[in-house]
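Student: I would like a close look at a single part of this structure, namely its main nonpolar core, together with whatever surrounds that core. Could you take me through it carefully, in one connected account?

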Amino acid sequence: MEKIELKVTIRKTTGNGAARELRRGGMIPAILYGPKAEPVMLSVTTKELENILMTSNIGQVLLDLLIQNGKQQSRTAMIKELQTQPVSGSLLHVDFYEVAMDQKIKISIPVMTKGQSKGVEEGGVLQLVRHEVEVFCFPNNIPESLEVDVTDMNIGDSLHINEASIDEAIELVDETNFTLVTILSPKAEEEEVVEEEEGEEGEETEAETAEGEEEPDSAE
């Protein structure tokens, strides 16, 4: 996976007031830390980070941090945590985690399906049971996704992780043979919806009954 360059600057001030001043200037506070390094306080241009987030998966993007502090220093990192304003969604703070290119990291990758399954063509419903899987891999071998072929799946079939084609450089975190995707029959899908509706009606009926009951007379 190609590293994306991101210029950052050493930050010498801390606190809410300093953070607000940074944001008014089009930057946000950040921190870089790792297992074998002291934390480094940084600031990053908001627009540059937003551009990267628009085109990359936040949990998978590999960054080449170009630290400006008189002379330029390069550190490889990933985004560990991103804090945003709850209402506006604007960026508030970012945590970078330094990684070593010769050491495996644990990361979540999305599960994607390819092909049109026979079961879906016959009216079945494709259900993605696992949207993500956790894997160990080297930073330069991070896959964009785990792609599973559902072409030959019929109604009632399930595809498990042991049946998926996984690169030898990738190691699964979970050793159990869990289900990735299944093809449900239309009848099973309808029954599930009916059961949900009946459950909601039952709750409403109980609520109406409770409202209609009169309070018993209190004993003298």
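Tutor: The largest nonpolar core has 23 residues, and those with the most contacts inside it are M78, I107, V133, V135, L146, V148 and L180. Two or more residues of this core are given by each of the elements β7 (105-114), β9 (132-137), β10 (146-149) and β13 (179-184), and the largest share, four residues, comes from β7. Please keep in mind throughout that the model is predicted. As a general background, nonpolar side chains in soluble globular proteins tend to be buried together.

V135 offers a way to see the surroundings of one core residue: leaving aside residues up to four places away in sequence, V135 touches I105, K106, I107, I109, I170, E171, L172 and V173. Apart from this core lies another one, of 19 residues, among them V40, V61, I79 and F96.

The wider chain gives the setting for these two cores. The protein chain has four helices and 13 strands, and of its 220 residues 30% count as buried. Among the contacts in the chain with a separation of 6 or more, 66% are accounted for by residues 24 or more positions apart.

The largest pocket is the next feature to consider, and about 580 Å³ of space lies in it. This pocket is lined by 27 residues, of which M78, K80, Y97, V99 and I105 are the closest to its centre; M78 was also listed among the residues with the most contacts inside the largest core. The elements that give two or more residues to the lining are β5, β6 (91-98), β7 and β9, and the largest share of the lining, six residues, comes from β7, the strand that also gives the largest share of the core. By residue character, the lining divides into 13 nonpolar, six polar and eight charged residues.

Two residues on strands that contribute to this lining can be examined individually. T76 has its place in strand β5 (residues 71-84), and T76 counts as buried because its relative accessibility is 11%, which falls under the 20% limit. The side chain of T76 is joined to that of K3 by a polar contact of 3.1 Å. Not counting residues up to four places away in sequence, T76 touches K3, L62, L63, Y97, E98, V99 and M101, and two of these, Y97 and V99, are among the residues closest to the centre of the largest pocket.

H93, for its part, is placed in strand β6, and H93 is buried, with a relative accessible area of 17%. The side chain of H93 makes a polar contact of 3.1 Å with the side chain of D95, while beyond residues up to four places away in sequence H93 touches R11, I28, P29, A30, I31, E81, L82 and Q83.

A contrast to these buried positions is E2, found in the segment before β1 (4-10). E2 is exposed because its relative accessible area is 68%, which lies over the 50% limit. The C-alpha atoms of E2 and D64 are separated by 9.5 Å, although the two residues are 62 residues apart along the chain.

Definitions and conventions: Residues are numbered from 1 along each chain as its sequence is written. This is a predicted model: local features need pLDDT of at least 70, side-chain atom pairs count only at pLDDT 80 or more; totals for chains, interfaces and linings use all residues. Side-chain values use heavy atoms; hydrogens and water are left out. A nonpolar core is a set of buried Ala, Val, Leu, Ile, Met, Phe, Trp, Tyr and Cys residues joined through side-chain atoms within 4.5 Å. Buried means under 20% relative accessible area, exposed over 50%, partly exposed in between (1.4 Å probe, protein chains only). Contact means heavy atoms within 4.5 Å. A polar contact is a pair of N or O atoms within 3.5 Å; within protein, one must be able to donate a hydrogen and the other to accept it, and residues adjacent in sequence count only if both atoms are side-chain atoms. On a 1 Å grid over the protein atoms alone, a cavity is a set of points where a 1.4 Å probe fits but cannot get out, and a pocket is an open set with protein on both sides within 12 Å along at least five of seven lines; lining residues have an atom within 4 Å of a point. Grid points are joined across faces, edges and corners, and a volume is the space filled by probe spheres set on the points. Ala, Val, Leu, Ile, Met, Phe, Trp, Tyr, Cys and Pro count as nonpolar, Asp, Glu, Lys and Arg as charged, and the others, Gly among them, as polar.
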